[in-house]
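Dear colleague,

I am passing on the structure we talked about, and I would be glad if you could keep it open while you read the notes that follow it.

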Amino acid sequence: MNTKNLKSSKGCWYSDGLHFKCQRCGKCCRGEPGYIWVSKGEIKKIANYLGISLDAFGRKYLKKVNGRYSLVEFTNGDCMMYDNGCNIYPVRPCQCATFPFWQKNLRTPADWKKVIQICPGVSDGPLYTQKEIQNIVEIQQRYDSQE
Ligand code: SF4
């Protein structure tokens, strides 16, 4: 499903909006192994934020997967940027900044229920309107299409 479908679908299941406020618990940053995609622009911002050279950042924190870059994780699946909170929160990658409003999490109420099970932030916080949520989905889609 693309955002066009989300927009045009009558009776979108979250037409009343969804609540979210990140509690910075780190549950989405730890545990399950995966990829934390970063663009070249994000890499520069993060390295600059950490005050290290691009070379040093690349050696320590990046891996290349099918032509894209991902932040590395510890062997237990925890993001290396997580240490009792995200160490790069102001410059965190788009993938992290747009969570939990990812298209795959919004397809059905059942998909959203899976998010509720891992993210305490979705039961609380300000209400995001359908339009705001769709804008966030579009940000992520634009990001993916540039990669
Ligand atoms: S699981 Fe939810 S509340 Fe916890 S850090 Fe991730 S987004 Fe924030």
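Two strands are said to pair if DSSP finds at least two bridges between them. In this model, which is a predicted one, 4 bridges join β3 to strand β4, residues 68-71, and the two run antiparallel. One place to look at is valine 65, which stands opposite arginine 68 in β4.

These strands belong to an open sheet of 3 strands, in the order β2-β4-β3 and with antiparallel pairing. Because β2 (36-38) and β3 (62-65) stand at the edges, each with a single partner strand, one side of each is left without a neighbour in the sheet. If direction is ignored, neighbouring strands of this sheet are turned by 45° against each other on average.

Turning to the interior, the largest nonpolar core has 9 residues in all, among them Leu18, Phe20, Phe101 and Val122. Helix α7, residues 130-146, gives the most to this core, namely 3 residues. Isoleucine 133, which is one of the core residues, is in contact with Tyr14, Leu18, Phe101, Leu106 and Tyr128, once its neighbours within four places in sequence are left aside. There is also a second, separate core of 7 residues, which includes Val38, Tyr61, Tyr69 and Cys79.

Finally, which residues surround the ligand? They include Cys22, Cys25, Cys28 and Cys119, along with others such as Arg24, Lys27, Phe99 and Ile118. Sorted by class, the shell around the ligand has 7 nonpolar, 3 polar and 2 charged residues.

With best wishes

Definitions and conventions: Residues numbered from 1 in each chain as written. Predicted model: local features only at pLDDT ≥ 70, side-chain atom pairs only at ≥ 80, totals over all residues. Near = placed C-beta within 6 Å. Nonpolar A, V, L, I, M, F, W, Y, C, P; charged D, E, K, R; others polar. Axes fitted to C-alpha atoms, helices over the stretch in contact; angles between N-to-C directions. Core = buried A, V, L, I, M, F, W, Y, C linked by C-beta atoms within 7 Å. Buried ≥ 20, exposed ≤ 12 C-beta atoms within 10 Å, placed from the backbone. Contact = placed C-beta atoms within 7 Å.
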